[in-house]
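Let's walk through some side-chain and helix contacts together. Have the sequence and the model open, and try each question before reading on.

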Amino acid sequence: MITAILSLYFLGLLLLLVSDFVGATLLKFKKSNQFIQLFLGYLILIASYAVVKGSGNSIGVFVLFWVFGYLFFIKQEESFSKITRIDYFKNVGTISLLWTMVFLLKVAYFWNFDYNCPNLLWIDNEFYMKIAEGYHLSGHENAMGLRNLLFPYLDFAQPYRANGFWLVSLGLDLTSFDTIYIWELFYSTILIFVCAYSFYELAKQKFRWYLALIVSIFILFAFTGSWYRNLTDLIFPGHSGGYDPIGIVAYTKLSFVFALFFQFLHKYTNARKIEAI
């Protein structure tokens, strides 16, 4: 278990640092939004892997078109000074520190010592892990996760959870660990990190860097607790208890939604509506 945890810690960190480097290269090492830099690099890596693994039959093709379209139509008009070597390595340090904090948060409730096995937060994750294994084994992406022989019209590339499935598939390709380790300590942790890093990029404009790191961890627990349930019950009294206060940290698949929402809200309210959209 310890070997798997340490290996996935360094593997996840390596993926994030490579993503940041690829993003910096795409942006020609100009000073820019550090989250956007890392996120673009991440999308390039995962989409490229999906396209290669899926022999071109993947939603990753459209992701690549979107990234290069974004760079060409939005970013080419912006003029920034070049990032210095010191600034670059400061950013590497920030990514490493925030990743360590998020990873420790995940590890803290990963192992169930009473039953001597990993915790599985949601029972449907078992189903999704099997789908991700299908991506890994076959390289085939479709609406049901595996090739559907009974209903061929469901056999097509699709965006829902594709990023997560391909990220799990990548982790399985690079390691020999059980899927639940990859799901909880690689895929889930990376997505949660991306959410925290998005908020950190905004928080550092208001707080000192170390306070921004702490706030970006706290935001992961937003929408968690009885206060959120009470609030939703006031707004939707007919659905009492229907909106579970699970928070960002527990509902991994929405991490990217929150991460992009933070950036959208910031840019939109700062008169950068085209880039926000």
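Q: How far apart, N to O, are the side chains of Lys 130 and Glu 133 in their salt bridge?
A: In this predicted model, local features need pLDDT of at least 70 and side-chain atom pairs count only at pLDDT 80 or more, while totals for chains, interfaces and linings use all residues. Residues are numbered from 1 along each chain as its sequence is written, and side-chain values use heavy atoms, with hydrogens and water left out. A salt bridge here is a side-chain nitrogen of Lys or Arg within 4 Å of a carboxyl oxygen of Asp or Glu. Lys 130 and Glu 133 meet in one, with an N to O distance of 3.5 Å.

Q: What separates Lys 130 and Glu 133 along helix 5?
A: Helices are DSSP runs (H or I, at least four residues), numbered from the N terminus. Lys 130 and Glu 133 are three residues apart in helix 5 (residues 124–138), so what separates them is about one helical turn.

Q: Which helices does the salt bridge of Lys 53 with Asp 173 tie together?
A: The closest N and O atoms of Lys 53 and Asp 173 are 3.1 Å apart. These two residues are 120 apart in sequence, so the pair ties together distinct parts: helix 2 (residues 34–53) and helix 6 (residues 162–174).

Q: Are Glu 184 and Lys 106 buried or exposed?
A: Their side chains form a salt bridge at 2.8 Å, N to O. This pair links helix 7 (residues 179–203), which holds Glu 184, to helix 4, which holds Lys 106, 78 residues apart. The classes rest on relative accessible area: under 20% is buried, over 50% exposed and in between partly exposed (1.4 Å probe, protein chains only). Both Glu 184 and Lys 106 are buried.

Q: Why is the ring pair of Tyr 9 and Phe 103 edge-to-face?
A: Rings of Phe, Tyr and Trp (its six-membered ring) pair if their centres lie within 6.5 Å; planes under 30 degrees apart are stacked, over 60 edge-to-face and the rest tilted. Tyr 9 also pairs edge-to-face with Phe 10, at 4.9 Å centre to centre and 80 degrees between the planes. For Tyr 9 and Phe 103, the centres are 5.3 Å apart and the pair is edge-to-face because the planes stand at 70 degrees.

Q: Which parts does the pair of Tyr 9 and Phe 103 tie together?
A: Both Tyr 9 and Phe 103 are buried. They are 94 residues apart in sequence, so the pair ties together helix 1 and helix 4.
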